[in-house]
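Biologist: I have a new model on my screen. Can you teach me how to read it?

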Amino acid sequence: MWGKKIKPMRKVAVVAAASRQEEKMLDNEVEMMVPLITEVRTKTGLDQTDIGFTCSGSSDFLAGQAFSFVMTLDAVGPVPPIAESHVEMDGAWAFYETWVKFQMGVIDTALVYSYGKPSPGSLQDVLSTQLDPYYIAPLWPDAHAVAGLQARTLLEQGIITVDQLADCAVRAGTVESREEYFSQPMLSDPLRKADCPTYADGGVAMILAVEGKAEELCEKPAWITGIDHRIDAHHFGVRDLTAVPSARLAAEKAGVHDGPIDIAELHAAYTTQDLLLRKEIGLPETPNHSQRSYSIKADTLMASGLLRIAEAARGIWDVQANRALAHATAGPLLQQNLVCVLSGESN
Amino acid sequence: MESHERLSAPLVLEYPFTRTTGPVIGAFLTGLREKIVLGIKRKDGSVLVPPTEYDPETSEGLTDMVEVDQTGEVITWTWVQEPRDQSPWDSPHALAMIKLDGADTPLLHAVLVDNPESLKTGTRVRIKWREKTEGHIKDIEGFLPMEGDDD
């Protein structure tokens, strides 16, 4: 019903990326982004005037100010005037918008970046505001409680087991051992602290380039061979919480199953969601190279998804992977999902 | 120039908009004020509670509102040991997805029990209304396990 799989008309690659995550950063958003944007421009030798399009992702709710991204443009240097856009979403969706812009044929290079700095305020308050404003938000459930509702459904229906959660927490590095996991008290029963994300400040910057240009800027461009994003119903009461149809569909449309995946970078902030996503996308529970940095250990609102794409690209540059998957999510309980496949080969 | 000679105008910051909740959410909230719970029928006959103006999967417009029971079943739940400052509840409680009898989808609310051991999935619960209702989801104070049927 969704039509044919979309084949990219122009080949686009990630040619440089820089990122930073810390639990509490003293730098403000501009100070955080200046070195990252400088790093990717230096790596590629591009000056801002050489860049066809600049697109960012961030949250005014986090910054507590309307049009807060305009301030962060100081880190880019918007004079002389630049072609620029912004999404109030994770940078992975800025990445998608930029990919579309490439397909329109109007640009050959682009700068994509995103950032989040939750440490000065209450991220739980911000996350509550994304819930239904009449039925759910007035009850102020925090994100861990909402995740706990899904976790119990998954455990009681036998979709996942507590032992799998413990192993996932060990892989993610939130605990050293299964024993340590089981010694933790419940945080949002049946979730323990080790199942839940630690929030971090952070940012990512990235340069994309079209075929013909990408090879000049990078020894081994990470080619985007497929990208798609889909959405499930906002109210999680109407969803089957044991499935993520939007992630499944996005993976299918991005061509995940057209070949083996060497690295899977998933944006799952909870152990339960990591395990569920692997089932839905059809990945092994413990793939060879997917343990660089779990979002459970450090989750940055608006940057985690783009960071997954950066990590997948690094896998291609380091020749650890020939084909890498990056996933990003937004909204309550994996409501929106973006899947991108990167490859070391342009075909 | 003296300050009273300068041209000036008062600046009053205001938010000159009102929002209406519309024919479906509005009816649901008005129902709560009257201590009844309304859902809405989808094309396949199933009933959405809480109701929406459109089908969340097909986007079809929905109009057929129906009353559902004030008793139901806990579908899933989690325990809130330390309620947040903004929470309507001061003491530890369960947050649960509750499917009311006559409804096909669950709504989120609290189950007012003292400890997590007193609750399990499948527990039958009944609405506890606030004494004074005003057309808000918080008109429901929470849900209480039904006596004689709490396992």
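Modeller: We will go through chain shape, helix packing, one buried residue and some backbone features.

Modeller: First, the ground rules. This is a predicted model, where local features need pLDDT of at least 70, side-chain atom pairs count only at pLDDT 80 or more, and totals for chains, interfaces and linings use all residues. Residues are numbered from 1 along each chain as its sequence is written, chains are lettered from A and ligands numbered from 1 in the order in which they are written, and side-chain values use heavy atoms, with hydrogens and water left out.

Biologist: How many helices and strands does chain A have?

Modeller: Start with the definition. Helices (H or I, at least four residues) and strands (E, at least two) are DSSP runs, numbered from the N terminus. Chain A has twelve helices and eleven strands. Chain B has one helix and eight strands, in the order α-β-β-β-β-β-β-β-β.

Biologist: What does the radius of gyration say about chain B?

Modeller: The radius is taken over C-alpha atoms, and the globule rule is 2.2 Å times the number of residues to the power 0.38. For the 151 residues of chain B the rule gives 15 Å, but the radius is 21 Å, well over that, so chain B is more spread out than a compact globule. Its C-alpha trace spans about 80 × 40 × 30 Å along the principal axes. Chain A, with 347 residues, has 19 Å, which agrees with the value near 20 Å for a compact globule.

Biologist: What share of the residues in each chain is buried?

Modeller: Buried means under 20% relative accessible area, exposed over 50%, and partly exposed in between (1.4 Å probe, protein chains only). In chain A, 60% of the 347 residues count as buried. In chain B, buried residues make up 41% of the 151.

Biologist: How do I describe two packed helices?

Modeller: Two packed helices are described by the angle between their axes and the distance between the axes. Axes are lines fitted to C-alpha atoms, for helices over the stretch in contact, and angles run from 0 to 180 degrees between N-to-C directions. Take helix α10 (residues 245-253) and helix α11 (residues 271-281) of chain A: the angle is about 45 degrees, and the axes are 8 Å apart. That makes α10(A) oblique to α11(A). Oblique is what remains once angles under 35 degrees count as roughly parallel, over 145 as roughly antiparallel, and 65 to 115 as roughly perpendicular.

Biologist: Which residues make the contact between α10(A) and α11(A)?

Modeller: Contact means heavy atoms within 4.5 Å. A:P245, A:A247, A:R248 and A:A251 of α10(A) meet A:L277, A:E280 and A:I281 of α11(A).

Biologist: Is A:Q164 buried or exposed?

Modeller: A:Q164 has a relative accessible area of 17%, so it is buried. Its place is in helix α7 (residues 162-172) of chain A. Leaving out residues up to four places away in sequence, A:Q164 touches A:I159, A:L275 and A:E285.

Biologist: Where are the cis peptide bonds from A:V79 to A:P80 and from B:V49 to B:P50?

Modeller: Look in loops. The bond from A:V79 to A:P80 has omega near 0 degrees, and A:P80 is in the loop between α3 (68-72) and β3 (84-87) of chain A. The bond from B:V49 to B:P50 has omega near -5 degrees, and B:P50 lies in the loop between β2 (47-48) and β3 (65-68) of chain B.

Biologist: What is the phi of A:F67?

Modeller: Phi of A:F67 is near 55 degrees, a positive value in a residue other than glycine. A:F67 counts as exposed, at 56% relative accessibility.
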